[in-house]
Amino acid sequence: MSTHGSGRRRTTIRRLLEMKQTGEKIVALTAYDILFARIVDDIGVDIVLVGDSLGQVVLGHDSTLSVTLDDMIHHARAVRRGVKQALLVVDMPFLSFQVSPADTLRNAGRVLAETGAEAVKIEGGSERMADHVARLVEAGIPVMGHVGLTPQSVHALGGYRVQGRDGDNAERIRVEATRLADAGCFATVLELVPATLAADITRASPVPTIGIGAGPDCDGQVLVLYDALGLNDEFTPKFLRRFADLAGEARKGVADYVASVRHGDYPGPEHSHD
Ligand code: KIV
């Protein structure tokens, strides 16, 4: 068993497989900076993902397409400093793994070497993607797959919409999930697919499925941290439950600070040096 100071079990890929076999739910969340990474890790999340959702929730882009490899590495290094127990996975951003096998290997190698993460995630399950995955795995780089709604293909998919509602698309997503597992992915994210399709894929899959908007029967669940904590009150998809109201709390706190400074209530004598 691998432990890290506190005696709690450190998440390994082998442990995730064990959790699938025993039916223990795998819990994943995203993080983009050290303070949230530390909280998420302390509470006992199994997987911390530095998602390229970074593009929207931290950098203010309209999509993930503008996120660069350097952006991912910059934030992953910060997150690494806060994650002691969870498995740290970093998204490969747009065009860092689609161009050529050599580029993919070099870029994924940079992510692991420069951030200290344990694995990368790539989107898509075509034969070409599966070849890339196989090469990375052969080089000793663990890969998490991602099928269903793959946000880097948002324009090709015609928007952020549920995937696999019709027979042909459902079959394509099933085939992609199998292909990625065969290529060596240690887990696969299923994003925004019907719950029944996710349940079928999960039953058939030898590796854990991690759902987001994919119903309750996946082996685990992942959410974008700021969505889960209610920091982004403009984002209200059907699949999301808000587990806190950080936007509300932050507004209250900022308003209180502004009023306190304006009225001369802050700083008080207790905050001032002799
Ligand atoms: O970028 C991201 O945060 C993701 C998760 C939503 C799975 O890919």
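How far is an oxygen atom of the ligand from an N or O atom in the side chain of Lys 121? In this predicted model, the separation between these two atoms is 2.9 Å. The protein covers 96% of the accessible area of the ligand, which on its own amounts to 260 Å².

Two further residues place polar side-chain atoms beside oxygen atoms of the ligand. For Asp 52, the distance from such a side-chain atom to a ligand oxygen is 3.0 Å. For Asp 91, the corresponding distance is 3.1 Å. Each of these values falls within the cut-off of 3.5 Å that is applied to polar contacts between N or O atoms.

The surroundings of the ligand were then examined as a whole. Asp 52, Asp 91 and Lys 121 are among the residues around the ligand, and the list also includes Thr 30, Leu 49, Gly 51 and Ser 53. Further along the chain, His 146, Ile 212, Val 222 and Val 224 belong to this shell as well. Sorted by class, the shell comprises 4 nonpolar, 4 polar and 3 charged residues. The ligand takes up the space of the largest pocket.

Contacts between charged side chains were also surveyed. Across the whole structure, 17 salt bridges were found. One salt bridge joins Glu 118 and Arg 10, whose closest N and O atoms are 3.2 Å apart. Glu 118 is situated in the loop between α5 (101–115) and β4 (119–121), while Arg 10 belongs to the segment before α1 (13–22); the pair therefore ties together parts of the protein that are 108 residues apart in sequence.

Two features of the backbone complete the description. The peptide bond that leads from Tyr 266 to Pro 267 is cis, and its omega angle is near -5 degrees. Pro 267 is found in the segment that follows α11 (246–262). The other feature concerns Leu 95, which has a positive phi of about 70 degrees although this residue is not a glycine. Leu 95 is located in the loop between β3 (87–91) and α5.

Conventions. Residues numbered from 1 in each chain as written. Predicted model: local features only at pLDDT ≥ 70, side-chain atom pairs only at ≥ 80, totals over all residues. Heavy atoms only, no water. Near = heavy atom within 4 Å. Polar contact = N/O pair within 3.5 Å; in protein donor to acceptor, adjacent residues only side chain to side chain. Areas by Shrake-Rupley, 256 points an atom, 1.4 Å probe, with all protein chains shown as cover. 1 Å grid on protein atoms, 1.4 Å probe; cavity = no way out; pocket = protein on both sides within 12 Å on 5 of 7 lines; lining within 4 Å. Sits in = over half its atoms within 2 Å of the grid points. Nonpolar A, V, L, I, M, F, W, Y, C, P; charged D, E, K, R; others polar. Salt bridge = Lys/Arg side-chain N within 4 Å of Asp/Glu carboxyl O. Helix = DSSP H or I, 4+ residues; strand = E, 2+ residues; numbered from the N terminus.
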